[in-house]
Amino acid sequence: MNFDRRITPANGRVAASFLQGQVKAEQFVDGDMMQCVAAAADILDAPGGSRTSQLLYGATFLGLEMQDGYVFGQCERDGYCGYVQADLVAPAEAVTHWIAVPQTHIYPGPDMKLAAKGALYFGSEVTVLSEEGAWARLAAGDYVPLGHVLPLTQRLADPVDVADLFLGSPYLWGGGTRYGVDCSGLIQAAWHGCGLDCPRDSDLQEAQIGHPLGADDAPERGDLVFWKGHVGLVTGPNRLLHANAHHMSVVYEPLDDATARIAASGGGPVTRMARV
């Protein structure tokens, strides 16, 4: 039986217990639930290898094996597997809120004039201990603006509006933040921001999201357009929002222009249009 290694928590040496009898591995383990403690942690295809995705602060990660300073495991939210630098994860703790703006700063106290200690990105999950005026006090004792967080149960309404928050973000293969994002990372962030499940890569999104448009159906706001290895979001008549390596950023582009440009560069035709 063939499994997609991107979403199968197994590497030959170790596999998640629930895969016993389905894959070959030297040992099967339950693993330990861990949590990202960096603003963003790269998920790599091998220890010290290439970035394929990212964990955001607070994201949970089922750790199965420690190897050469990296933890092999699976992101709980989207099932993506790979290796994460061990010092960027820690035992999981409960979270209460999430960051609902493109980026926010972390302060050592409830004062915007203090030197910021770092940043958190859209979709990161945090534990708010208390609300102090216009500030939210986090579990580590730091502060973020209260208006930048929402309870976990409260999500945004429109994926197009969420994706627009990333306009101008630089393109980054495997990225999923305002610091850098790729085409499928943009779609995933938009869907997650609205409380919707979404796989990580564009081919998985093409296979799992929405229903295909008919030949006579005109694309509408919120539809997805897929090419081989690429995805964009329709925002209006002949208007596409996407992260792409041609512009090296998140941009608006006429859908007709994008289709012609991608075909001319060898990317092939549109493979699917989907309505969610």
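## Ring pairs, cores and pockets: exercises

There are 4 aromatic pairs here, where Phe, Tyr and Trp rings (the six-membered one for Trp) pair if their centres lie within 6.5 Å, and planes under 30 degrees apart count as stacked, over 60 as edge-to-face and the rest as tilted. The model is predicted, so local features need pLDDT of at least 70 and side-chain atom pairs pLDDT 80 or more, while totals for chains, interfaces and linings use all residues. Residues are numbered from 1 along each chain as its sequence is written, and side-chain values use heavy atoms, with hydrogens and water left out.

**Exercise 1.** Classify the ring pair of tryptophan 98 and phenylalanine 122, then do the same for tyrosine 107 and tryptophan 135.

*Solution.*
- Step 1: Go back to the 4 aromatic pairs. One of them joins tryptophan 98 to phenylalanine 122, with centres 5.3 Å apart and 85° between the planes: edge-to-face.
- Step 2: Find the two rings along the chain. Tryptophan 98 is in strand S10 (residues 97-99), and phenylalanine 122 is in the loop between strand S12 (118-121) and strand S13 (125-126), 24 residues apart. (Helices are DSSP runs of H or I with at least four residues, strands are runs of E with at least two, and both are numbered from the N terminus.)
- Step 3: Check burial. Tryptophan 98 and phenylalanine 122 are both buried (buried is under 20% relative accessible area, exposed is over 50%, partly exposed is in between, using a 1.4 Å probe and protein chains only).
- Step 4: Now the second pair. Tyrosine 107 and tryptophan 135 have ring centres 5.3 Å apart and planes at 85°, so this pair is edge-to-face.
- Step 5: Tyrosine 107 sits in the loop between S11 and S12 and tryptophan 135 in strand S15 (residues 135-138), so the pair ties together parts 28 residues apart in sequence.
- Step 6: Tyrosine 107 is buried at 11% relative accessible area, and tryptophan 135 is buried at 13%.

**Exercise 2.** Which residues have the most contacts inside the largest nonpolar core, and which helix gives the most to this core?

*Solution.*
- Step 1: Start from the term. A nonpolar core is a set of buried Ala, Val, Leu, Ile, Met, Phe, Trp, Tyr and Cys residues joined through side-chain atoms within 4.5 Å.
- Step 2: The largest core has 27 residues, and those with the most contacts inside it are Phe166, Ile187, Trp191, Leu224, Leu233 and Val250.
- Step 3: Elements supplying at least two residues each include helix H1 (159-164), H2 and strand S21 (224-227).
- Step 4: H2 gives the most, with 6 residues.
- Step 5: Another core lies apart from this one, with 14 residues, among them Cys36, Ile43, Phe61 and Val89.
- Step 6: Look at H2 itself. Of its 11 residues, 11 are buried; Ile187, Trp191 and His192 are among them.

**Exercise 3.** Which of the terms buried, partly exposed or exposed fits isoleucine 106, aspartate 68 and methionine 248?

*Solution.*
- Step 1: Isoleucine 106 has 14% relative accessibility, so it is buried. This residue belongs to strand S11 (residues 103-106).
- Step 2: Leaving aside neighbours within four places in sequence, isoleucine 106 has contacts (heavy atoms within 4.5 Å) that include Ala116, Leu120, Asp142 and Val144. The C-alpha atoms of isoleucine 106 and aspartate 142 are 6.4 Å apart, though 36 residues separate them along the chain.
- Step 3: Aspartate 68 is exposed because its relative accessible area is 63%. You'll find aspartate 68 in the loop between strand S6 (60-67) and strand S7 (70-75), with a positive phi near 50°.
- Step 4: Methionine 248, at 44% relative accessibility, is therefore partly exposed. Methionine 248 is in the loop between S23 and strand S24 (249-254), and its phi is positive too, near 55°.
- Step 5: Keep in mind that most residues other than glycine have a negative phi.

**Exercise 4.** Describe the lining of the largest pocket.

*Solution.*
- Step 1: Get the term straight. On a 1 Å grid over the protein atoms alone, a pocket is an open set of points where a 1.4 Å probe fits, with protein on both sides within 12 Å along at least five of seven lines; lining residues have an atom within 4 Å of a point.
- Step 2: The volume is about 750 Å³, meaning the space filled by probe spheres set on grid points, which are joined across faces, edges and corners.
- Step 3: The lining has 40 residues, and Arg6, Tyr80, Trp173, Asp182 and Asp201 lie nearest the centre.
- Step 4: Sort the lining by class: 15 nonpolar, 15 polar and 10 charged. (Ala, Val, Leu, Ile, Met, Phe, Trp, Tyr, Cys and Pro are nonpolar, Asp, Glu, Lys and Arg are charged, and the others, Gly among them, are polar.)
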